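Let's take a walk through a protein model together, one stop at a time. Keep the picture open and follow along.

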Amino acid sequence: MQLELISFKLCPFVQRSVITLKHKGVPFDTTFIQLDDPPSWFGEVSPLGKVPVLKVDGTVLFESAVINEFLDESFGERMLSDDALERAQQRAWIEMGSAALFAMFGTITAPEEAGSAAKREELAKLIGNLERQLAKAPPAPYFSGAKLSLVDTSFAPLFQRLFALPESIVDWDAVPTVKRWGEQLVEEPVVRDSLPEGFDEMFPMMLRKMNGWYAQQHLAG
Ligand SMILES: N[C@@H](CCC(=O)N[C@@H](CS)C(=O)NCC(=O)O)C(=O)O
């Protein structure tokens, strides 16, 4: 099977698939694009105009959660539960992870203080809900027990970005179980290995370029 991942280097959704591919040890090619100046062919392969897109022997898949489930079903040991109810719950938490990613992105890119604060509040609520869930069912050490799951691969890029910010947008003392899970996930070799080279410089550079309120306050210069 020939796999080609269409990627934007700093996209956390692409990174979900990179972690899954690497964890499964599946070889793949990557084609990087610039989202602010996409190549002319991108509109034809990406129905939503978003990355990631995975081409499988030329057939296009889009949406990170769908791509990850395809990879999971096609290669290696399963990263979702065999039990239908637990699997449905895992999918729901993956969706919640997407909402948290958008709330984080809104917080750090909103042009005005009020917009940033509203997104930060949204993020706090989501992370608080996650804390309640994890407090009931603590990661051991992963979300669903002893093995890395698609829930872990979906949240890991969020934690990498939250921990990389110079001024935290999460009150970590209020969510100790989430913090512990996140700290452990970002140390996973496969998660570290999924970050593009130069991430530490590129991520703040992108935020400065977007020039939101957060960047003006904490990333000047
Ligand atoms: N729900 C999508 C979200 C993907 C997404 O938002 N990707 C961003 C980059 S990180 C994108 O391509 N944005 C381009 C746009 O919205 O025009 C997924 O899970 O794959």
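Our starting point is aspartate 57, which sits in the loop between S3 and S4. Keep in mind that this is a predicted model. Is aspartate 57 buried or exposed? Count the other C-beta atoms within 10 Å and you get 8, so aspartate 57 is exposed, since the cut-off for that label is 12 or fewer. Its backbone deserves a look too: phi of aspartate 57 is near 45°, a positive value in a residue other than glycine. To put that in context, most residues other than glycine have a negative phi.

Now widen the view to the strands on either side. S3 and S4 form a hairpin, with 2 residues between them. The two strands, S3 (residues 53–56) and S4 (residues 59–62), run antiparallel and are joined by 4 bridges. One pair to find is valine 56 with its bridge partner in S4, threonine 59.

S3 has a partner in S1 (residues 3–7) as well, and these two strands are also antiparallel, with 4 bridges joining them. Look for glutamate 4, whose bridge partner in S3 is lysine 55. Next, how do S1 and S2 pair? S1 and S2 (residues 29–32) pair in the parallel sense, over 4 bridges. Leucine 5 has threonine 30 as its bridge partner in S2, and isoleucine 6 stands opposite threonine 31 in S2. Between those strands comes a helix: S1, helix H1 (residues 12–24) and S2 make a right-handed β-α-β unit.

Let's step back to the loop between H2 and S3, where you'll find proline 52. The peptide bond from valine 51 to proline 52 is cis, with omega near 5°. Most peptide bonds are trans. There's another cis bond to spot, from alanine 140 to proline 141, with omega near -10°. Proline 141 lies in the loop between H5 and H6.

Serine 46 is also in the loop between H2 (42–45) and S3. With 17 C-beta neighbours inside 10 Å, serine 46 counts as partly exposed. Leaving out residues up to four places away in sequence, serine 46 touches Val53 and Phe62. Serine 46 and valine 60 are 14 residues apart along the chain, and their C-alpha atoms are separated by 7.9 Å.

Both residues of that first cis bond turn up again around the ligand: Val51 and Pro52 are in the shell, and others there include Phe8, Cys11, Lys50, Glu63 and Ser98. What kinds of residues make up the shell? The split is 7 nonpolar, 3 polar and 2 charged.

Time for the helices. H4 (84–109) has 26 residues, and at 1.5 Å a residue they should span 38 Å; the end C-alpha atoms are 38 Å apart, which agrees. Among the buried residues of H4 are Ile94, Leu101, Met104 and Ile108. The buried residues of H4 pack against H1, H3, H5, H6, H9 (199–210) and H10.

You can try the ruler on H5 (residues 113–136) too. Its 24 residues should span 34 Å at 1.5 Å a residue, and the end C-alpha atoms are 35 Å apart, which agrees. The buried residues of H5 are Ser116, Lys119, Arg120, Leu123, Ile127 and Leu130. They pack against H4, H7 (176–186) and H10 (213–218).

Let's finish with some exposed residues. Glutamate 73 is in helix H3 (residues 64–74). It has 10 other C-beta atoms within 10 Å, so glutamate 73 is exposed. Glutamate 73 and isoleucine 19 are 54 residues apart in sequence but 15 Å apart in space, C-alpha to C-alpha.

Aspartate 171 lies in the loop between H6 (150–164) and H7, and with 12 other C-beta atoms within 10 Å it is exposed. Aspartate 171 and glycine 76 are 95 residues apart along the chain, and 37 Å separates their C-alpha atoms.

Our last stop is asparagine 211, in the loop between H9 and H10. With 12 C-beta neighbours inside 10 Å, asparagine 211 counts as exposed. Its phi is near 55°, a positive value in a residue other than glycine.

Technical notes:
Residues numbered from 1 in each chain as written. Predicted model: local features only at pLDDT ≥ 70, side-chain atom pairs only at ≥ 80, totals over all residues. Pairing = 2+ DSSP bridges. Right-handed = clockwise from strand over helix to strand, strands pointing away. Expected span 1.5 Å × (residues − 1). Buried ≥ 20, exposed ≤ 12 C-beta atoms within 10 Å, placed from the backbone. Contact = placed C-beta atoms within 7 Å. Near = placed C-beta within 6 Å. Nonpolar A, V, L, I, M, F, W, Y, C, P; charged D, E, K, R; others polar.
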